[in-house]
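Colleague: Got a minute to go through this model with me? I'd like to start with the charged pairs and work inwards from there.

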Amino acid sequence: MRGPTWVGAVLSLGVQLRALWLVTAMEVHTAKEVVAVNGTNQRLKCTFSSSHPISEQLSVTWNFQPEDLSSHESVLYYQKEPYKLTSGRFKDRVTWDGNIERNDVSIMIWNLQPTDNGTFTCQVTNWPDVYGTIGEVRLRVVQKVHFSEIHFLAVAIGSASVLMIIVVTVVIICRQHQKKVQEKRMEVADTELKEKEKLKMREEKEASPLED
């Protein structure tokens, strides 16, 4: 009985160690989808988390698979420093834009083309974390930005709000101007009335001796 019991314990320990290994494996985080305009530049963000301190053996591998699901193509490889491609569609069009100390292994792609449509994968290994998730980013290159109905609604509401503010401001200014004009007219009328009263009193005063 001791033999099978010992074997079972070893197998159980192996399963537990494997589960612990999977829990502490490398985790990679990327945006699921990125939309960019043809001819522009786009940063593909990729970050990682490791249960072990960053080692000198840390490596980063970026690959690309076109939409036609043809073979993968190399995009960039990093180990202590980025290595440039000597051939391929991304030659001289991809630069390292990450910061290992901040667990950032992002890249920048320049002068995007419609042929860049596809899925980019970001894989990070940091011994002994050599297994784990692989980040994926689906890139869609469009000719121009298409605004959704929500964007149009936001623009319409914003324009209406600005127009309303302008109208209210104009109305307030006009009312203030009319008020000032009315006050000026009343002031002039009051002044004329006082002048007429003074003139009348003067005439009455001048006419008083003649009556005597």
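Colleague: Which residue does Glu 33 meet in a salt bridge at 3.2 Å, N to O?

Modeller: Keep in mind that this is a predicted model. Glu 33 sits in strand S2 and its partner in strand S11, so the pair ties together parts 107 residues apart in sequence. That partner counts as partly exposed, at 32% relative accessibility. The residue that meets Glu 33 at 3.2 Å is Arg 140.

Colleague: And which residues make up the network of salt bridges around there?

Modeller: Glu 33 also pairs with Arg 138, at 2.7 Å from N to O. Arg 138 lies in strand S11 and Glu 33 in strand S2, so that bridge spans 105 residues of sequence. The linked set is Glu 33, Glu 67, Arg 138 and Arg 140.

Colleague: Is Glu 33 buried, partly exposed or exposed?

Modeller: The cut-offs are under 20% relative accessible area for buried and over 50% for exposed. Glu 33 comes out at 44%, so the label is partly exposed.

Colleague: How many salt bridges does the count come to?

Modeller: One of them joins Lys 80 to Glu 56, with the closest N and O atoms 3.8 Å apart. That pair links the loop between S6 and S7 to the loop between S4 and S5, 24 residues apart. Both Lys 80 and Glu 56 are exposed. For the whole count, the number is eight.

Colleague: What is phi of Lys 80 near?

Modeller: Most residues other than glycine have a negative phi. Lys 80, in the loop between S6 and strand S7 (81–83), has a positive one. Its phi is near 75°.

Colleague: Which residue in the loop between strand S8 (94–96) and S9 has a positive phi of about 60°?

Modeller: This residue is not a glycine, yet its phi is positive. At 24% relative accessibility it falls above the 20% limit for buried, so it counts as partly exposed. The residue is Asn 103.

Colleague: Asp 104 is in the loop between S8 and S9 too. Is Asp 104 buried or exposed?

Modeller: Leaving aside neighbours within four places in sequence, Asp 104 is in contact with residues including Arg 43, Cys 46, Phe 48 and Trp 96. Its C-alpha atom is separated by 9.7 Å from that of His 29, 75 residues apart along the chain. With a relative accessible area of 13%, Asp 104 is buried.

Colleague: Which peptide bond is cis, with omega near 5°?

Modeller: Most peptide bonds are trans. The cis one leads into Pro 128, whose place is in the loop between S10 and S11. The bond runs from Trp 127 to Pro 128.

Colleague: Moving inside, which residues touch the most other members of the largest nonpolar core?

Modeller: In soluble globular proteins, nonpolar side chains tend to be buried together. This core holds 27 residues. Strands that each supply at least two of its residues include S5 (59–66), S6 (73–79) and S10 (118–125). The residues touching the most other members are Trp 62, Val 75, Phe 120 and Val 124.

Colleague: Which two cysteines are in contact with Trp 62?

Modeller: Beyond its neighbours within four places in sequence, Trp 62 is in contact with residues including Leu 44, Val 75, Ile 107 and Phe 120. The cysteines on that list are Cys 46 and Cys 122.

Colleague: How far apart are the sulfur atoms of Cys 46 and Cys 122?

Modeller: A search of the whole structure finds one disulfide, formed by these two. The pair links Cys 46 in strand S4 to Cys 122 in strand S10, 76 residues apart. Both are buried, and the link is left-handed, with -85° about the S-S bond. The sulfur atoms are 2.2 Å apart.

Colleague: Last one: which residues form a nonpolar patch on the surface with about 250 Å² of accessible area together?

Modeller: One member lies in helix H2 (residues 149–211). That member, Ile 166, has a relative accessible area of 45%, so it is partly exposed. The patch is formed by Val 162, Ile 166 and Val 170.

Key
Residues numbered from 1 in each chain as written. Predicted model: local features only at pLDDT ≥ 70, side-chain atom pairs only at ≥ 80, totals over all residues. Heavy atoms only, no water. Core = buried A, V, L, I, M, F, W, Y, C linked by side-chain atoms within 4.5 Å. Buried < 20%, exposed > 50% of the residue type's maximum accessible area, 1.4 Å probe, protein only. Helix = DSSP H or I, 4+ residues; strand = E, 2+ residues; numbered from the N terminus. Contact = heavy atoms within 4.5 Å. Disulfide = S-S within 2.5 Å. Patch = residues over 30% accessible without salt bridge, like charges linked within 9 Å, V, L, I, M, F, W, Y side chains within 5 Å. Areas by Shrake-Rupley, 256 points an atom, 1.4 Å probe, with all protein chains shown as cover. Salt bridge = Lys/Arg side-chain N within 4 Å of Asp/Glu carboxyl O.
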